[in-house]
Amino acid sequence: MNINQLQVLCSVARAGSFTRASEELFISQPAVSDIVLSVEKYFNVKIFDRTKKGVTLTDAGKIILNSAEDILRIYEETRQ
């Protein structure tokens, strides 16, 4: 688990789409999918429900997202 993975996870949640997140992050959509899959495997939970219209957070995903946002905030504060 690393900061970049958490940033991707937060971007997908904000964008509501793997494709839109990949465009915002300037990385490929398959790379975004692989990163999210690795985080799901790490926590052994499904983070997003995937549909043709986009993605939504699962209950576990909401908990992980909240923690990821806290970690990223603390990381930025520490960097400054």
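Helices (H or I, at least four residues) and strands (E, at least two) are DSSP runs, numbered from the N terminus. On this basis, N44 falls in the loop between α3 and β1. The model shown in every view is predicted.

**Figure 1. The aromatic pairs, beginning with F18 and F48.** The model holds two aromatic pairs. In one of them, F18 meets F48 edge-to-face, with 6.0 Å from centre to centre and 70° between the planes. F18 belongs to helix α2 (residues 18–25) and F48 to strand β1 (residues 48–51), so the pair ties together parts that are 30 residues apart in sequence. Both F18 and F48 are buried. Y42 and F43 also form an edge-to-face pair, at 5.0 Å centre to centre and with 90° between the planes. Y42 has 55% relative accessibility and therefore counts as exposed. F43 is partly exposed, at a relative accessible area of 35%.

**Figure 2. The surroundings of F18.** Residues up to four places away in sequence are not counted here. Beyond them, F18 touches V12, Q29, V32, S33, V36, F48, R50 and V55. F48, the aromatic partner of F18, is thus shown here among its contacts.

**Figure 3. The largest nonpolar core.** This core has 18 residues. L9, V12, F18, V32, V36, I47 and F48 touch the most other members. Helices α1 (3–15), α2, α3 (29–43) and α4 (59–79) each supply at least two residues of the core. The most come from α1, which gives six. In soluble globular proteins, nonpolar side chains tend to be buried together.

**Figure 4. Helix α3 and its buried face.** What span should the 15 residues of α3 have at 1.5 Å a residue? The expected value is 21 Å, and the end C-alpha atoms are 21 Å apart, which agrees. V32, V36, V39 and E40 are the buried residues named in α3. Seen down the helix axis, the buried residues of α3 fall within an arc of 100°, so they line one face of the helix. They pack against α1, α2 and β1. D34, K41 and Y42 are exposed on the other side of α3. Of these, Y42 is also the ring paired with F43.

**Figure 5. The two ends of α3.** At the start of the helix, a side-chain oxygen of S28 comes to within 3.1 Å of the backbone nitrogen of A31. After α3 comes N44, with a positive phi near 60°. N44 is a residue other than glycine. Its relative accessibility is 69%, so N44 counts as exposed, the cut-off being over 50%.

**Figure 6. F26 in the loop between α2 and α3.** Phi of F26 is positive, near 60°, and the residue is not glycine. Is F26 buried or exposed? F26 has 77% relative accessibility and so counts as exposed. By contrast, F18 of the F18 and F48 pair is buried.

Technical notes. Residues numbered from 1 in each chain as written. Predicted model: local features only at pLDDT ≥ 70, side-chain atom pairs only at ≥ 80, totals over all residues. Heavy atoms only, no water. Phe/Tyr/Trp six-rings, centres within 6.5 Å; stacked < 30°, edge-to-face > 60°. Buried < 20%, exposed > 50% of the residue type's maximum accessible area, 1.4 Å probe, protein only. Core = buried A, V, L, I, M, F, W, Y, C linked by side-chain atoms within 4.5 Å. Contact = heavy atoms within 4.5 Å. Expected span 1.5 Å × (residues − 1). Arc of directions from axis to C-beta. Polar contact = N/O pair within 3.5 Å; in protein donor to acceptor, adjacent residues only side chain to side chain.
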